[in-house]
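Hello,

Please find the structure below. My notes on it follow, grouped by region.

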Amino acid sequence: MDHRPPVSDTARGGPARAPRRAAGSAALLLALAVLAAACTAGTGGVEGKPGASGLRDPYFPKLGNGGYDVTHYDLTLDVDPDEQTLRGTAVITARATQDLSSFNLDLAGLSVDSATVEGRPAAVNRAGNELTLRTDAKVEDRLQRGETFRTVIRYSGSPRTIKDADGSEEGWLPTDDGAVALGEPTGSMAWFPGNHHPSDKASYDLEVTVPKGLTAVSNGVQAGPPTTAGDRTTYRWHTAEPMASYLATLAVGRFTTRTSTMAGGITVFTAVDPRSAKASARTLARLPEVVAWEAEHFGPYPFSATGAIVDREGDSGYALETQNRPFFPGPPSMELLVHEMAHQWFGDSVTPASWRDMWLNEGLATYAEWLWEEDEEGTPAQESFDAAYEDEDNWAFPPADPPSAADISEQPVYGRGAMVIHKIREEIDDDEEFFALLAGWAKAHRHGTVSTADFTAYVEEEMGEDLSELWETWLYGEDRPAADG
């Protein structure tokens with residue numbers, strides 16, 4: 001196209017014809033606008049931008065990735081516990097939330113063998129735990145805002161154990177007969193690539209092949225019986241309800257498994273290391289009772305499956321509310337079982353929007369313990385509140401504002417978080433209304449993500465009161481107030 005301006009009639013010595021020239025210019029501008037719109041619409045390529053390499057979480061700013069939302073993970077893993085290695089294929093289905101020229105995935109340590117987007121090879125650049133994928137022009141129209149696309153990553157290596165800021169370990173934890181994968185807050189990137197921030201939840205399918213004689217346990221329900229070929233056995237698990245990646249788990253080892261069905265058709269699946277079986281039996285037998293009791297207080301159980309994974313004592317240092325099936329590093333106490341099962345409502349179904357909102361998980365789960373002690377042991381929740389109030393450790397910082405990443409699992413998040421819930425109960429002064437408030441919260445945000453601001457706004461709206469003083473004193477206050485303040 002020749003972009004030189006036309007010679008005017010005035011220059012050629014004829015009469016001026018400005019209106020005609022203006023019309024010609026308008027036509028040219030209109031044609032250029034149509035062409036630009038066509039390009040933007042994808043008929044001539046995407047004017048996309050790179051997706052953000054992190055979601056600016058207050059404590060983990062590089063965790064997660066912008067520009068897309070994962071809807072499903074389909075993971076195929078082959079695990080060698082003796083060598084502590086795995087080979088994996090991750091098929092990630094996602095929806096673009098902006099026009100993308102490239103996007104990132106979180107993956108720690110493992111080597112990427114190949115990557116495709118919509119079946120076309122993608123260029124992969126690696127910087128630390130960040131994978132940047134760039135595609136060619138033939139698939140750019142699939143990376144427009146609102147479009148769904150599929151990424152396939154083939155990877156392998158020795159999964160890492162990741163040390164948290166507080167010194168605890170997560171990620172891939174070797175055991176004496178296999179391994180367990182625990183993800184809170186950043187550990188899931190140690191065993192599969194993804195968008196590893198709690199605000200991005202997805203459904204999951206997991207197929208795991210392990211040496212014959214070992215069991216592979218994950219979230220959700222079994223998608224058919226295990227199959228054995230030669231000296232290898234394959235297990236398949238399906239999680240239909242949305243799950244944050246930090247709640248995904250995989251336990252490989254020698255387990256005694258049991259499957260049953262409780263009221264409401266909920267599948268109960270337990271996997272117990274034989275060395276912990278006897279000491280766990282009495283507590284695990286009450287698991288359906290605990291789920292039913294919590295449903296009375298918090299509303300219907302939010303998932304189609306429940307259960308527990310109990311490893312040998314000493315293989316890992318802490319319990320975790322992995323979705324559908326909490327993990328225990330040895331035989332659990334009743335209080336610990338109540339706590340981790342309460343997380344199925346508060347943390348798993350209703351998930352924090354950022355790690356600053358951790359108290360919504362732990363404060364409510366701790367208060368569930370107080371309620372259990374009140375109902376089952378005759379210890380009023382007020383006595384538990386008084387004990388927490390006297391504990392100096394609960395006053396190190398406000399529960400809704402931990403000073404650093406090392407503090408998000410410290411005592412104020414649990415104990416003082418539970419005190420906030422008790423103060424709401426006191427303010428309502430009617431247990432029926434209080435439990436309706438908790439059940440309504442779980443129902444309103446079922447399978448969603450929430451912030452502290454969402455919670456305080458919800459409570460004030462339901463109660464019809466301004467609770468600014470309560471929040472300022474118990475949730476955000478630096479100093480210990482009077483106990484009846």
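**The four-stranded sheet with β22**

Val310 has Phe328 as its bridge partner in β22. That bridge belongs to the pairing of strand β21 (residues 305-310) with β22, which is parallel and holds two bridges. Keep in mind that this is a predicted model.

The wider sheet is open and has four strands, in the order β19-β20-β21-β22. Its pairing is mixed. The edges are β19 (256-262) and β22 (327-328). Each has a single partner strand, so one side of each lacks a neighbour in the sheet. Helix α3 (residues 287-298) packs on this sheet and touches β19, β20 and β21. The direction of α3 makes about 130° with that of β21.

Ser276 sits in the loop that links β20 (266-272) to α2 (277-285). Is Ser276 buried or exposed? Ser276 is buried, because its relative accessible area is 2%, and the cut-off for buried is under 20%. Leaving out residues up to four places away in sequence, Ser276 touches Val310, Asp311, Arg312, Glu313, Gly330 and Pro331.

**A second open sheet**

Another open sheet of four strands runs in the order β1-β4-β8-β7, again with mixed pairing. Here the edge strands are β1 (49-50) and β7 (123-127), each of which pairs on one side only. β1 pairs with strand β4 (residues 100-106) in the parallel sense, over two bridges. Lys49 has Leu100 as its bridge partner in β4.

**β2 and its partners**

Strand β2 (residues 68-80) pairs with two strands described here. Strand β3 (residues 85-96) runs antiparallel to β2, and twelve bridges join them. Tyr68 is matched with Ala96 of β3. Four residues lie between the strands of this hairpin. Gln84 takes a positive phi there, near 55°.

The pairing of β2 with strand β13 (residues 201-211) is parallel and covers seven bridges. Within it, Asp74 has Asp205 of β13 as its bridge partner.

**Cavities**

How many cavities of 30 Å³ or more are there? The count is three. The largest holds about 50 Å³ of space. Its lining is made up of Leu75, Trp191, Tyr204, Asp205, Leu206, Ser218, Asn219, Trp237, Thr239, Met243, Ala248 and Thr249. Two elements give two or more residues to that lining: β13 and β17 (232-244). Asp205 thus turns up twice, as the partner of Asp74 and in the cavity lining.

**Strand β14**

Ser218, another lining residue of the largest cavity, belongs to strand β14 (residues 215-218). In a regular strand, side chains alternate between the two faces of the sheet. In β14, Thr215 and Val217 point one way, while Ala216 and Ser218 point the other way. All four are buried. β14 pairs with strand β18 (residues 250-253) in the antiparallel sense, over four bridges. Opposite Val217 in β18 stands Ala251.

**Two helices**

Helix α5 (residues 358-376) has 19 residues. From its first C-alpha to its last it reaches 27 Å, close to the 27 Å expected at 1.5 Å a residue. The helix is mostly covered, with 16 of its 19 residues buried. Gly378 follows α5 and has a positive phi, near 75°.

Helix α7 (residues 411-428) has 18 residues, which should span 26 Å at 1.5 Å a residue. The end C-alpha atoms are 26 Å apart, so the span agrees. α7 is also mostly covered: 14 of its 18 residues are buried. Asp429 comes after α7, again with a positive phi, near 60°.

**A buried loop residue**

Gln344 lies in the loop between α4 (334-342) and β23 (351-352). Why does Gln344 count as buried? The reason is that its relative accessible area is 0%, against a cut-off of under 20%. Which residues does Gln344 touch, not counting those up to four places away in sequence? They are Tyr301, Pro302, Phe303, Glu321, Thr322, Gln323, Asn324, Arg325, Pro326 and Ser349.

Best regards

Technical notes:
Residues numbered from 1 in each chain as written. Predicted model: local features only at pLDDT ≥ 70, side-chain atom pairs only at ≥ 80, totals over all residues. Heavy atoms only, no water. Pairing = 2+ DSSP bridges. Expected span 1.5 Å × (residues − 1). Buried < 20%, exposed > 50% of the residue type's maximum accessible area, 1.4 Å probe, protein only. Contact = heavy atoms within 4.5 Å. Axes fitted to C-alpha atoms, helices over the stretch in contact; angles between N-to-C directions. 1 Å grid on protein atoms, 1.4 Å probe; cavity = no way out; pocket = protein on both sides within 12 Å on 5 of 7 lines; lining within 4 Å. Points joined across faces, edges and corners; volume = space filled by probe spheres on them.
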